[in-house]
There are 4 protein chains.
Amino acid sequence: MNENSAPHGGQPDDTPELRGLYAGFEQLSVMPLWTQIGDLMPHHPKPRAVPHVWRWSELYPLAQKAGELVPVGRGGERRALGLGNPGLGGNAHISPTLWAAIQYLGPRETAPEHRHSQNAFRFVVEGEGVWTVVNGDPVRMSRGDFLLTPGWNFHGHHNASDHPMAWIDGLDIPFSFQNDVGFFEFGADRVTDYATPDLSRSERLWCHPGLRPLSGLSNTVSSPIGAYRWVHTDRALNDQLLLEEEGHPATLAEGHAAIRYVNPTTGGDVMPTIRAEFHRLRIGTKTQKRREVGSSVFQVFEGRGEATLGDATHRLEKGDLFVIPSWVPWSIGAETQLDLFRFSDAPIMERLHFARTAIGADAE
Amino acid sequence: MNENSAPHGGQPDDTPELRGLYAGFEQLSVMPLWTQIGDLMPHHPKPRAVPHVWRWSELYPLAQKAGELVPVGRGGERRALGLGNPGLGGNAHISPTLWAAIQYLGPRETAPEHRHSQNAFRFVVEGEGVWTVVNGDPVRMSRGDFLLTPGWNFHGHHNASDHPMAWIDGLDIPFSFQNDVGFFEFGADRVTDYATPDLSRSERLWCHPGLRPLSGLSNTVSSPIGAYRWVHTDRALNDQLLLEEEGHPATLAEGHAAIRYVNPTTGGDVMPTIRAEFHRLRIGTKTQKRREVGSSVFQVFEGRGEATLGDATHRLEKGDLFVIPSWVPWSIGAETQLDLFRFSDAPIMERLHFARTAIGADAE
Amino acid sequence: MNENSAPHGGQPDDTPELRGLYAGFEQLSVMPLWTQIGDLMPHHPKPRAVPHVWRWSELYPLAQKAGELVPVGRGGERRALGLGNPGLGGNAHISPTLWAAIQYLGPRETAPEHRHSQNAFRFVVEGEGVWTVVNGDPVRMSRGDFLLTPGWNFHGHHNASDHPMAWIDGLDIPFSFQNDVGFFEFGADRVTDYATPDLSRSERLWCHPGLRPLSGLSNTVSSPIGAYRWVHTDRALNDQLLLEEEGHPATLAEGHAAIRYVNPTTGGDVMPTIRAEFHRLRIGTKTQKRREVGSSVFQVFEGRGEATLGDATHRLEKGDLFVIPSWVPWSIGAETQLDLFRFSDAPIMERLHFARTAIGADAE
Amino acid sequence: MNENSAPHGGQPDDTPELRGLYAGFEQLSVMPLWTQIGDLMPHHPKPRAVPHVWRWSELYPLAQKAGELVPVGRGGERRALGLGNPGLGGNAHISPTLWAAIQYLGPRETAPEHRHSQNAFRFVVEGEGVWTVVNGDPVRMSRGDFLLTPGWNFHGHHNASDHPMAWIDGLDIPFSFQNDVGFFEFGADRVTDYATPDLSRSERLWCHPGLRPLSGLSNTVSSPIGAYRWVHTDRALNDQLLLEEEGHPATLAEGHAAIRYVNPTTGGDVMPTIRAEFHRLRIGTKTQKRREVGSSVFQVFEGRGEATLGDATHRLEKGDLFVIPSWVPWSIGAETQLDLFRFSDAPIMERLHFARTAIGADAE
């Protein structure tokens, strides 16, 4: 690794003439590279975003309180609490590209339908009773499920139960906002179908392993699957650990099972900007130190452990969320079997060929 | 559609000089295009292969008899009866590209391990008790299952039961033979693992819908799935028909459910030369007349119906196999609910951009 | 097009309890979506960046003056004046993704070698005498040439003449900065090869139309061509206009010839984040009004005309630069034959599936 | 390398019962695998096609004689002499996949227009004066030029000069014939445009290195370039040898320059079934022994040398053609500077994942 900052050579002497030149620059909306290059082009990524942990035990009560005080409906659209990276100064960007929020829906409430070019998913750390309606297809939300509402699909939510429910939303709002790519349209004020089927139509069509409907031979930009169910995720992870025990290659590393949620039409990421994965660490497993270009968010689904993010180590409990900005070294250790949901902007980095990873000694 | 044969214009007068010229051609291994073009380049495909139906009720007894008289072992390798297209003159090519055979294994028999660049699959119309061992991974074979042994994977079979078992093999042997692309290697004389697990390791790693192991992020030329189970195929087809009844798009055509077996790493065909599908027609459904470039083989899995192949109509019973050569018009009608397994050389046609399809009036 | 801002429905009443809740949010680094959604997720892109024109006649004298006052060398690295979008508040981002600068090199000066993950190109509106050395390959810079230094290639510049020379640099610095993807490394303080060949080695290997060296069969992320020469660009555009006159399809629209600079290993864009094109409008031609997701920068290479950017119309002279932020309607008219160089972030938009275009009436 | 033939183990005893079984097989169009497997699935490709050399000095006089005796016109379509591989028994297939012919057109003659799904090219070893008209675009043919008429493009030829002209045609006729994929349609009896421009419209649109017309942004299955000119090929090869002399990587191997003709929209092969290349060996250069899956045809364009094909070595003179069947070891040596045109079925082998190559010791 090189030094982080460029030497200050090559700088002109501060003279009245130079100040005159700089004044001329300002008048024409021109800025010199030579005074800014160290900040603009650092020797490795130096994110303003910082690693940070949000405690579920603190977040959930806030969401409950918002449930009492804040109505949900057209205009505000969603009762969602965005996690704002402390380094990114006052807006709800958890990283330069990603948005993560807790959404809360009271008994019998409906969040109205809309669509937007931003890609979105939901992940359910606990609870049940809500259906997300995606282009008219009602999708049950239950603990451990991962649900998709890719860009430009109409969607609303309704709670069909007598209990409140909370979950996390992940989107590419900061990326869209920063790069001016977003469109948004209102839909119905109520969801278009209040049915509460166990399986969505998308699952009945697409969730048969290795089988593709002949009515769906055109590849789609995002996955056509509305919900990835916990029963499958849990079984896949368990099978990897059992195969490892039986002596066969299956896990990502010893004691570390992991799956990626994918688009069955391509085998690739579920959406063009967001990668989602689920990781299971056996008790006592500790991951190698890594640095990656791009940012990631984890949520603890079950178990206890600790995360080392940069120089600090944080305890992890169920529901806790944390963000790892670009190129910050990190590792995770499991005190019990530890289940973690992860999402990141890796598809952006890979599609634009900025991805880099350093592991172990290279990540020091 | 143009006339099938070119006019005989442009032909030289038959003179002694011309005969002298033609003799000179022969001496130099040269042939005139102008006398052959009508055959070499017909106005549309004019296959020597013919449509043909093989009856399971006739084939199976022959396989049984072979089970009595023919040993299975190193050298002969497999007790397989290849279906030879009557138009292709004496070798076991069911079409210019495809091989289809019944393979038969007696109680406790083993077919030795080998590998070859030819791509192979098995489909089980009835029975159980055999395991195929693919690169050391034992894969159970049961009714309705579709099993893969893609090119250059070691594989052998053993019957762990006290009953004989038969199934069909599909390969690209004729294509490989014709184009001189095949390699072959002997493996162990016995299979390397006589375990009889319910699920193969490949399924435990890969058959969780929409989930990809992080240990398997590199795309593979052929599917890593060893067996596509009947329980999934049946459910997928059933769900399509139910969705159709509920008013939602899901089937290929009215009353016609269909799935393609795919490689989960790409969403594409299971092997580079062979496409495999399963079709279910509701009672009374008749497919539109079609012509397709390339050849297909069907096997009736369950039910009764009829197939119109070219000008002739054939009754279909369980287990019957039929081949449709390139550009021969065909349609299928269901007298009961009709379940059909299909395989074809469509990936060859599509990858080389020779694929064409005519449907309905265009196929007349 | 919908209304630009969401209605203010769905907002909670301002009560002490609500204020308490909001204070709790702040404490936990959490922000409500319902108060921000109109800004975060507008009905169509609402860029902070504004359309803006920089005059070559004003920029060039500033660059000259910088040439007198500011040394070039290690640390400052380049004597480059970045064009700062007036809407983006004080840094030299011409758009959220793109950087555009005038770089100036005095007689016999050398800009030292370095490399960075940011992708860069140069375009020469006038002058000659400088060579860019890319990974040791000296590349001549002359009027009309388009030169590449894709990410992570070492490069430096030296002026082999007795005259100063200026050109424009284009990079994805803002994108890299915003998303924390950049790496940077110093190279030699002097360029590694002071030779001044007419053609670079990259051109001698890669610039033979339709011919690919067998030593270069692996596709590359960015184009291996170091310089796209004006003689080819000019001839290609001229041929398009002649073909149009002869009655054949060739131009993009009537009177509008255009080429895209491409990577010969793929036929796609020259670099993963930047698209570059050259447009020639016949005298009197006016382009249709367009809106596009993503931002573009144009430089007038030759001729006179006008650009309508949003509601304002600007006169265009040789060397003038202008930026079109995302979704701002624009059109260009030619008073003489008008030659324009263009670059944009379109590859980002397309690879991430955010691209949209509206033309003519749809762009109103 | 394994033994070429399988052992004859596993064969049943010849008994009356077995003969009865085999008779039953015949009746049902069924063939046993166990008696055929050694032929059907050899241990490595064992082509029936043989290596063979055709002498230009012998072929050309035959073509001239055909010019006197055989008219050219509708029905016979082309005065083409197909080279028939002596191992492939009596038809004009130079290999299982490829067709190679000398075509001859007398002064002022026209070969009528037609189109077919077979992919075709022409290569000109000497002469000039003929124009090929492809979809109405007249394409000049001159020494060293490589011309395309991809599948389903109308094309005819006319000789605008007072001298005869001969060239070679390459097509995928055997592949199309064997696999029943071909369609054919007559076009105009005369060519649709008798203009004799120096450059075709396709070249004026597509032959500017690294520049793609904005009117041609959709990728095409085959190259849109009608002619690849000798001036470019020669210069590209020369530049590679010069770069090698200057100490830079550029050639395929020492003294061995080579280019592949490519589709500029993709960087890939010119047509989906045929690869075309041009090789230049410095005097004294000898290529390493190679074996490749798939078949190749070479024509000597200029110079003298020798080709070792399997066990035999053949002298090579200008215009000589030779074929290398699948997996036959070969090498070429140059007695003078040696220029060779090559075409092959490599795209078929690569797209279907049958490609293999052995070099040097591995090819023994």
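Tutor: A crossing is called left-handed if the near helix is turned anticlockwise from the far one by less than a right angle. Please keep in mind that this is a predicted model.

Student: Which helices show such a left-handed crossing?

Tutor: Helix α3 of chain B passes helix α1 of chain D in this left-handed way.

Student: What makes α3(B) and α1(D) roughly antiparallel to each other?

Tutor: The axes of helix α3 (residues 56-69) of chain B and helix α1 (residues 16-27) of chain D come within 10 Å and cross at roughly 155°. Angles over 145 degrees count as roughly antiparallel, and α3(B) and α1(D) are therefore given that name. Their contact involves B:L62, B:K65, B:A66 and B:L69 on one side, with D:E17, D:L18, D:L21, D:G24 and D:F25 on the other. By class, these are six nonpolar, one polar and two charged residues.

Student: How do you know that strand β3 of chain A and strand β1 of chain C pair?

Tutor: A pair needs at least two bridges, and strand β3 (residues 80-83) of chain A meets strand β1 (residues 30-32) of chain C in the antiparallel sense over three bridges, so they count as paired. Within this pairing, A:L81 stands opposite C:P32.

Student: Why are chains A and C said to be related as by a two-fold rotation axis?

Tutor: A turn of 180° with a shift of 0.0 Å along the axis lays chain C on chain A with an RMSD of 0.0 Å, and the two copies are thus related as by a two-fold axis.

Key: Residues are numbered from 1 along each chain as its sequence is written. Chains are lettered from A and ligands numbered from 1 in the order in which they are written. This is a predicted model: local features need pLDDT of at least 70, side-chain atom pairs count only at pLDDT 80 or more; totals for chains, interfaces and linings use all residues. Copies are superposed by least squares on the C-alpha atoms of residues with pLDDT of at least 70 in both. Helices (H or I, at least four residues) and strands (E, at least two) are DSSP runs, numbered from the N terminus. Axes are lines fitted to C-alpha atoms, for helices over the stretch in contact, and angles run from 0 to 180 degrees between N-to-C directions. Angles under 35 degrees count as roughly parallel, over 145 as roughly antiparallel, 65 to 115 as roughly perpendicular and the rest as oblique. Two residues are in contact if their C-beta atoms, placed from the backbone, lie within 7 Å. Ala, Val, Leu, Ile, Met, Phe, Trp, Tyr, Cys and Pro count as nonpolar, Asp, Glu, Lys and Arg as charged, and the others, Gly among them, as polar.
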